[in-house]
Amino acid sequence: MAFLFKENGFYDEKRFIISRKFLAEWCVHPLVKPLYVSGTGYIPEAVHHGVNRQEGVPGYLMLYCVSGCGIVELDSAKIPIQEKSVFCISPNTAYRLYADAETPWTLLWVHFDGTDVPLLPLNTDHPILIK
């Protein structure tokens, strides 16, 4: 089955990505190296939104579902992501994620990494509901 989703280009979508060249120089600085953001974005009411990363991405990906819902697939597990929940994907982990067809999510996302990230209480097994 083909993965027929749109990755970006949504109305009112916002994204900020630091170039790999700049990031390579920047992330070795002693003040930045412990924890740094490499990209962030906002995708509102993302009808047909989907991303397929067979190799994963370098660094962590944290998703916050503002409203609506969607699915994150890791290996063969389909993990439902609901409104007001946070989910984190580890570096170099293959994943697919997509908005629900009837209630598409509004999503905030951030890519981050650093030497101190393993010290953070991140859970990459299931979403955390923010109350």
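Which residues does histidine 111 touch, if we leave out those up to four places away in sequence? I would like to start there, with the reminder that what we are looking at is a predicted model. Histidine 111 is found in strand 9, and with neighbours up to four places away set aside, the residues it touches are Tyr36, Val37, Ser38, Gly39, Val57, Tyr60 and Leu61. As for its own exposure, histidine 111 has a relative accessibility of 16%, and because buried means under 20%, histidine 111 counts as buried.

Let me step back to the overall picture before returning to that neighbourhood. The secondary structure of the protein comes to one helix and 10 strands, and if you follow the chain from the N terminus, the elements run β-α-β-β-β-β-β-β-β-β-β. The radius of gyration is 15 Å, close to the 14 Å that the globule rule gives for 131 residues, so the protein is as compact as a globular protein of that length. Taken along the principal axes, the box that the C-alpha atoms fill is roughly 45 × 30 × 30 Å.

On burial and contacts, 37% of the 131 residues count as buried. If we consider the contacts with a separation of 6 or more, residues 24 or more positions apart account for 76% of them. The accessible surface comes to about 8,200 Å², and 58% of that surface belongs to carbon and sulfur atoms. For the charges, there are 11 positive and 14 negative ones, and their mean positions are 4 Å apart.

Now to the aromatic residues, where the structure holds three aromatic pairs. The rings of phenylalanine 22 and tryptophan 26 have centres 5.9 Å apart and planes at 25 degrees, and since planes under 30 degrees apart count as stacked, this pair is stacked. Phenylalanine 22 and tryptophan 26 are four residues apart in helix 1, which covers residues 20-26, and they are therefore separated by about one helical turn. Both members of this pair are in the intermediate class of exposure, with phenylalanine 22 partly exposed at 43% relative accessibility and tryptophan 26 partly exposed at 29%.

The next pair takes us back to strand 9, in which histidine 111 is found. Here the rings of tyrosine 60 and phenylalanine 112 have their centres 5.5 Å apart and their planes at 15 degrees, so this pair, too, is stacked. Tyrosine 60 lies in strand 4, residues 60-67, while phenylalanine 112 lies in strand 9, residues 106-113, so the pair ties together parts that are 52 residues apart in sequence. Are tyrosine 60 and phenylalanine 112 buried or exposed? Both are buried. You will recall that Tyr60 is also among the residues that histidine 111 touches. Another of those contacts, Tyr36, belongs to a cluster in which ring pairs link it with Phe22 and Trp26.

I would also draw your attention to two residues with backbone angles worth inspecting. As background, most residues other than glycine have a negative phi. Aspartate 75, which is not a glycine, has a positive phi of about 55 degrees, and asparagine 92, likewise a residue other than glycine, has a positive phi near 55 degrees. Aspartate 75 is found in the loop between strand 5 (70-74) and strand 6 (77-81), and at 80% relative accessibility it counts as exposed. Asparagine 92 is found in the loop between strand 7 (85-89) and strand 8, and with a relative accessibility of 57% it counts as exposed.

Finally, two C-alpha distances may help you to find your way around the model. Asparagine 52, in strand 3 (residues 50-53), is partly exposed, with a relative accessible area of 28%. Its C-alpha atom is separated by 8.7 Å from that of tyrosine 98, although these two residues are 46 residues apart along the chain. Alanine 101, for its part, has its place in the loop between strand 8 (95-99) and strand 9, and at 75% relative accessibility alanine 101 counts as exposed. How many Å separate the C-alpha atoms of alanine 101 and cysteine 27? They are 38 Å apart, for residues that are 74 residues apart along the chain.

How values were computed
Residues numbered from 1 in each chain as written. Predicted model: local features only at pLDDT ≥ 70, side-chain atom pairs only at ≥ 80, totals over all residues. Heavy atoms only, no water. Phe/Tyr/Trp six-rings, centres within 6.5 Å; stacked < 30°, edge-to-face > 60°. Helix = DSSP H or I, 4+ residues; strand = E, 2+ residues; numbered from the N terminus. Buried < 20%, exposed > 50% of the residue type's maximum accessible area, 1.4 Å probe, protein only. Rg over C-alpha atoms; globule rule 2.2 N^0.38 Å. Contact = heavy atoms within 4.5 Å. Areas by Shrake-Rupley, 256 points an atom, 1.4 Å probe, with all protein chains shown as cover. Lys, Arg positive; Asp, Glu negative; His and termini not counted. Charge placed at Lys NZ, Arg CZ, Asp CG, Glu CD.
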